[in-house]
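Q: Please show me how to read the packing of helices in a model.

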Amino acid sequence: MSVASLEKFNKQFEKEEPRLVSQLLQAEREGTFAFYIPSADKLDTATLIERVNSCLPKLVEIVRSPYIVLKSEYEQVRTELAGNLTPQGIQQTVKNPKLWKKQRDGSLRPEYVYAKNNEDEYNTYENRVIRSLIDKTVRFLKLPIDYAKDGVKNLYEAYFQSASLNKLDLIKLMDSDLFQDSDPQDFVDYKRLYYLRAKLNQLRSSDFYKIMSAFPAFAGRPEATNLFVHNPNYNACFKLWLFLDEFNAGLSLLTQDERRSVYCAFVSLAMISIYVKLGFRIVRDVAVGCIDRGFSLHGFALENGTFRVLLNSDADKIEVLVQCASVKTQQKTVIELHTDIAAPYGKNNQFVVSLYRTDYSDRTACVVPSNKNSLRDLESIVRCTVFELDADRDIYSKVCLVCGSNMLDDKDYFYRCEECGAVYSFLGPQKVWLNQFNVLSRGEEEK
């Protein structure tokens, strides 16, 4: 549940005075602030299940035998076929001279008459509400089902890219205690909610639902009509609608703009925390208050003995500028933040960090508070900006340390491999800063 865990991350900033980033990281070390949110706050699932389950038989009874009104219309039918003449029908027939024909004996008789036709009318206000209630409850149960399912661990949820990894890679990465974290009660709740939704979906195949689908769907808050007040079945459904509205209000879900702002804060602050754990110290701090309204960072700076890192972020991207005075060079990395599942992410930035699952590649990662392994993916992106390793300058100034090619272009401050595109700078005789490299593609490997 990525969105739910993001909501819980946001709640750590509610009713708090603005705090410096360094204070937030201190709170993280003390255990009073977290980037990893194992699961969202528990919903009152028992009450929800009880209310929907108790109303379901009454909803089924309405679908089987709904309240209908008798709709009467007068139609022109041939006189010999008319079976239900009423005073009103006779009056309308008398008033319409076109229906009368002169007989051979000179008399006038109606060839057609207005006969009363009675039909059952389903399209009432209350029935439109009931049909919308079925859809509303099915949609509503999705979030609680996801909450409950979040407590039942599985490999694909823990490792978003597991479907794209081979078994040997997966064994290297997998936490053997993963499945011990599953909550038995969450599994029980998940089963009950799943079966409830299945029963409600069955109602969508009923004649009542199909008939009512031909009419405009009800939207808004239903009014307490006489039928909703006095009929026990309709009254239970009316109360269920109000209960779902109140239950939904308690979830306090983020809007799209708030989600963008909170996600930017989560990724930016988590990256700073990772830099600090890698040995960097904050040299230009900022205060952070509410993060759900236009969060941004400008000129935030960290340093270690080798690099100076400047972070600038807004709702859609994070720019990381890494400067190295000893080799008189700098590297800029742009990380796109993707929070709108309906929109594709860009293709021009070095990395894409998404609130939702992404394609498997070396530039995209799904990073969410509820998944510890996704935070490790974010750490890998951070490490890519300041990736140091031991390597002999005498050798690797002539041979590419990534692909082994000798097609190196000496740019004075750095080397670029013409074969694979790797870029690196030497920080000393035995130390190299790998600025940029690409993984070996399958097509290149086969060559």
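**Two helices and their contact**

A: Helix 2 and helix 12 are roughly perpendicular to each other, because angles of 65 to 115 degrees count as such (under 35 is roughly parallel, over 145 roughly antiparallel, the rest oblique). Helices here are DSSP runs of H or I with at least four residues, and strands are runs of E with at least two, numbered from the N terminus. This is a predicted model, in which local features need pLDDT of at least 70 and side-chain atom pairs count only at pLDDT 80 or more, while totals for chains, interfaces and linings use all residues. Residues are numbered from 1 along each chain as its sequence is written, and side-chain values use heavy atoms, with hydrogens and water left out.

Q: At what angle do helix 2 and helix 12 pack?

A: An axis is a line fitted to C-alpha atoms, for helices over the stretch in contact, and angles run from 0 to 180 degrees between N-to-C directions. For helix 2 (residues 21-30) and helix 12 the angle is about 70°, and the axes lie 11 Å apart.

Q: Which residues of helix 2 meet helix 12?

A: Contact means heavy atoms within 4.5 Å. V21, L24, L25, E28 and R29 of helix 2 meet L269, I272, S273, V276 and K277 of helix 12. Six residues of this contact are nonpolar, one is polar and three are charged.

Q: How many residues of helix 12 are buried?

A: Buried means under 20% relative accessible area, exposed over 50%, and partly exposed in between (1.4 Å probe, protein chains only). In helix 12, 16 of the 22 residues are buried. Across the chain of 447 residues, buried residues make up 42%.

Q: What follows just after helix 12?

A: G279 does, with a positive phi of about 105°.

Conventions:
Nonpolar A, V, L, I, M, F, W, Y, C, P; charged D, E, K, R; others polar.
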